[in-house]
Protein chains: 2
Amino acid sequence: MRREALLDAAEELLDEQGAQGLTLAAVAERAGVSKGGLLYHFASKQSLISGMIERLIAEFDALVEAQRQDTYTKAYLDATIAAITAGRLKRWAVVTGASGDPHLLAPLREAMERWHSQGIGAELDPEASRVVRLACGGLWEIAAHCPGVSTDHDALRRRLLALL
Amino acid sequence: MRREALLDAAEELLDEQGAQGLTLAAVAERAGVSKGGLLYHFASKQSLISGMIERLIAEFDALVEAQRQDTYTKAYLDATIAAITAGRLKRWAVVTGASGDPHLLAPLREAMERWHSQGIGAELDPEASRVVRLACGGLWEIAAHCPGVSTDHDALRRRLLALL
DNA sequence: GCGACTATACCGGCCGGACGGTTAAGTGGC
DNA sequence: GCCACTTAACCGTCCGGCCGGTATAGTCGC
């Protein structure tokens, strides 16, 4: 699908060059399409960015679903680790793309609220669940910004599961 | 100091309107200065952003120092909570400003690596320390993006301290 | 089975505005 | 009268988006 290729190109550009690398011309060129072709699939730069955000949310939700754990928190933890180690789902890169206009982040905010609150009452220890989910947020941050901080994901995962 | 006022103005604009609201003209106007006056203090937009980042790091380091806890992790936790509840130190807003050019984030990355690794070997339980520091990252994220998720900071703080 | 017509996908040149940065000319404190 | 500081006008570039055009494929009447 051309549309997916364009979203991929945009994501890569954001990851490599930051928000100012995300120009319509650059995205089109990387995807092997003309600018007009890009505008055909995404009527504006905003809609391109929204497309990235929505895909990001959908992919992560699918990843959580695929974990088949017995609680949402455990599934969320495993999905986070899976996404980070796979290098896919560059949450941070996509966010930088939307940093120009806070409006564009609204869907992501909504999703994040869900990720932090969904099923938290049904957990054995809701407070511990909150801690684990917060730690997942920290993991994202580290993965995005600090390649220098080595993290033993296996050990960390065991430790967090022990909390639940 | 005019310089500080300019940094304040830039921070406020980022917080309210995102990266594309951060133009030299807008910053100058909000600070009650002309564009030339802004350029006198900061030779370029880059140096303005770098100024924000360096101030942010220095302020947070000072806040950690001021906590006077017996371990770095505890001080870091309390500083994080203090910064969030005070509404100061808009870490995220400043980061969005630098999202255009990944280069500008280098000092912040360095600081974050420090925040996550400093004195971690000297802690009673380094692994628990790591968890607490990661959770602090999650707290930042929540505070920046999800006003809807209510967090009982007191309870959370007790819980995290109990881990250490 | 052929001509008229439409839909989908894509092209690329152009323009207008916005924005970062420059400069020349002040202004006031000391 | 110098120097830190401020100002307003100006310039060049870059980028988002518009628009007229092309090509391929499908549809329908007849």
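**Core.** I looked up the largest nonpolar core of this predicted model and found 105 residues in it. The members that touch the most others are A:V27, A:L108, A:W115, B:V27, B:L108 and B:W115. I then listed the contacts of B:L108, leaving out residues up to four places away in sequence: B:I53, B:L56, B:I57, B:V95 and B:W115. I note as background that nonpolar side chains in soluble globular proteins tend to be buried together.

**Symmetry.** I superposed chain A on chain B and got an RMSD of 0.1 Å. The operation is a turn of 180 degrees with a shift of 0.0 Å along the axis. I record this as the relation of a two-fold axis. The C-alpha of chain A nearest that axis belongs to A:A135, at 2.0 Å. I also checked the interface: 100% of the interface residues of chain A are interface residues in chain B as well, so the copies meet through the same surface.

**DNA strand C.** I counted 15 residues around DNA strand C. The closest are A:S34, A:Y40, A:H41, B:K35 and B:K45. By class, the residues of this surface are 5 nonpolar, 6 polar and 4 charged. I looked at the DNA side too: of the strand C atoms within 4 Å of the protein, 53% are sugar or phosphate and the rest belong to bases.

I went through individual polar pairs next. A polar backbone atom of A:S34 is 2.7 Å from a phosphate oxygen of DNA strand C. For B:L24, a backbone N or O atom lies 2.9 Å from a phosphate oxygen of the strand. B:K35 places a polar side-chain atom 2.4 Å from a base oxygen of DNA strand C. The elements that give two or more residues to the surface near the strand are helix 3 (35-41) of chain A and helix 3 (35-41) of chain B. Helix 3 of chain A gives the most, with 5 residues.

**Backbone at R68.** I looked up phi for A:R68 and found a positive value of about 50 degrees, although this residue is not a glycine. For context, most residues other than glycine have a negative phi. A:R68 sits in the loop between helix 4 (45-67) and helix 5 (72-86) of chain A. I find A:R68 exposed, at a relative accessible area of 70%.

I repeated the check in chain B. B:R68, also not a glycine, has a positive phi of about 50 degrees. B:R68 is in the loop between helix 4 (45-67) and helix 5 (72-86) of chain B. With 69% relative accessibility, I enter B:R68 as exposed.

Terms used:
Residues numbered from 1 in each chain as written. Chains lettered and ligands numbered in written order. Predicted model: local features only at pLDDT ≥ 70, side-chain atom pairs only at ≥ 80, totals over all residues. Heavy atoms only, no water. Near = heavy atom within 4 Å. Polar contact = N/O pair within 3.5 Å; in protein donor to acceptor, adjacent residues only side chain to side chain. Helix = DSSP H or I, 4+ residues; strand = E, 2+ residues; numbered from the N terminus. Nonpolar A, V, L, I, M, F, W, Y, C, P; charged D, E, K, R; others polar. Core = buried A, V, L, I, M, F, W, Y, C linked by side-chain atoms within 4.5 Å. Buried < 20%, exposed > 50% of the residue type's maximum accessible area, 1.4 Å probe, protein only. Contact = heavy atoms within 4.5 Å. Least-squares fit on C-alpha atoms with pLDDT ≥ 70 in both.
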